[in-house]
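Trainee: Got a minute? I'd like to go through this structure with you.
Mentor: Sure, pull it up and we'll start with a single residue.

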Amino acid sequence: MKASLTIVAFFAAGLILGLNFDSLAQMCSGELTRYILYAMMLIVGIGIGCDKGALRALTSQSKRTILLPLGTIVGSLLGALALYPLVSSMALNDTLAVASGFGYYSLSSILLTEYRGAEIGTIALLSNVIREIGTILAAPLLVRYFSPLSVVSAAGATSIDTLLPIITRFSGKEYVIIAIFHGLAMEVTVPILVTLFASI
Amino acid sequence: MFIVLGIIILGILIGTQIRSSKAPSIISKLLNAIIYLLLLVMGIAVGGNEQIVNNLPTIGLKALIITAGAVLGSAIFAAVLYRYLFKNRKAK
């Protein structure tokens, strides 16, 4: 929760700066985001590569564990598709690209800002921050009305970090390993799916 | 736009060569710093974009709707997987 508030605070501080200083806004809406994106992608990659335990966890899971990230991907996309009539002023591929952020707000929003412009990037940022905060708040309900696994799926890529303590608390300790595997798998999926939908 | 995927793969290859056990925690701190910088810069860019600022409530509503669909859809799929694959067997 604290992390989510920090995110909102930084973005809000930026908003206020941008509203008041035109030249600063000019500077930030061009090449700068691209270089930050490249730096971030490199660090994300190094982070995945240097974490030996994580790499091993990714390659040594049982079949049913592997099905969960697939369920999250298909479920998220079909769910967004089902509600698409409500946001039909948006292009369908943009809607699916936003849903493919799976809570990984920083990566999906910067990718979509670069590929599709600031408006879609902002929608991706808000949507994925909402996914993280919403899942934190809804965790007890998801366990009761859906299943303990549903918290992991709803958490998307955040099942490995922000949501891990919540999953431990509401789904149970036995879901920690699957949550870590799921989060890693989603982290790898986000840049691929977002790029795919943005380039259709 | 596939440059981005190329960079992430390069990162993974560099990462597998790093032996230090301290690396993951240093990397995650670095990533945090970059994320905050990114949010600030994106906020500034959005703040300077009149079209987005004027449409922020609409944009927020769209974001909320897409998220609701994605969260519910994935929760339902996970519940189905749980029922058929996990319920009667102890989760690892």
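Mentor: Take Arg34(A): its relative accessible area is 29%, so Arg34(A) is partly exposed. Keep in mind that this is a predicted model.

Trainee: Which side chain does Arg34(A) meet in a salt bridge?
Mentor: That of Glu114(A). The distance is 2.6 Å, N to O.

Trainee: How many residues apart are Arg34(A) and Glu114(A)?
Mentor: They are 80 residues apart. Arg34(A) sits in helix H3 of chain A, and Glu114(A) in helix H7 of chain A. The pair links distant parts of the chain.

Trainee: And is Glu114(A) buried or partly exposed?
Mentor: Partly exposed, with a relative accessible area of 26%.

Trainee: How many salt bridges are there over all chains?
Mentor: The search of the whole structure finds 2. The other pair to look at is Arg116(A) and Asp94(A), at 2.7 Å, N to O. Arg116(A) is in helix H7 of chain A and Asp94(A) in helix H6, 22 residues apart.

Trainee: Why does Asp94(A) count as buried?
Mentor: Because its relative accessibility is 5%, and buried means under 20%. Arg116(A) is at 36%, so Arg116(A) counts as partly exposed.

Trainee: New topic. How many residues are in the largest nonpolar core?
Mentor: There are 66. Met40(A), Val98(A), Leu112(A) and Ile66(B) touch the most other members. H2(B) gives the largest share of this core, 12 residues.

Trainee: What is Met40(A) in contact with?
Mentor: Leave aside its neighbours within four places in sequence. Then Met40(A) contacts Ser106(A) and Leu107(A), plus Leu31(B), Ile34(B), Ile35(B) and Leu38(B) from chain B.

Trainee: What about the second core?
Mentor: That one is separate and has 22 residues, including Leu68(A) and Ala78(B).

Trainee: Now pockets. What volume does the largest pocket have?
Mentor: About 790 Å³. It is lined by 29 residues, and the closest to its centre are Ile160(A), Asp161(A), Glu187(A), Ser28(B) and Leu31(B).

Trainee: Which element gives the largest share of that lining?
Mentor: H2(B), with 7 residues. By class, the lining has 17 nonpolar, 8 polar and 4 charged residues.

Trainee: And the second largest pocket, what's its volume?
Mentor: About 280 Å³. It has 17 lining residues, with Cys28(A), Ser29(A), Gly30(A), Ala118(A) and Ala45(B) closest to the centre. H2(A) gives the most to this lining, 4 residues. The classes here are 6 nonpolar, 7 polar and 4 charged.

Note on methods. Residues numbered from 1 in each chain as written. Chains lettered and ligands numbered in written order. Predicted model: local features only at pLDDT ≥ 70, side-chain atom pairs only at ≥ 80, totals over all residues. Heavy atoms only, no water. 1 Å grid on protein atoms, 1.4 Å probe; cavity = no way out; pocket = protein on both sides within 12 Å on 5 of 7 lines; lining within 4 Å. Points joined across faces, edges and corners; volume = space filled by probe spheres on them. Helix = DSSP H or I, 4+ residues; strand = E, 2+ residues; numbered from the N terminus. Nonpolar A, V, L, I, M, F, W, Y, C, P; charged D, E, K, R; others polar. Core = buried A, V, L, I, M, F, W, Y, C linked by side-chain atoms within 4.5 Å. Buried < 20%, exposed > 50% of the residue type's maximum accessible area, 1.4 Å probe, protein only. Contact = heavy atoms within 4.5 Å. Salt bridge = Lys/Arg side-chain N within 4 Å of Asp/Glu carboxyl O.
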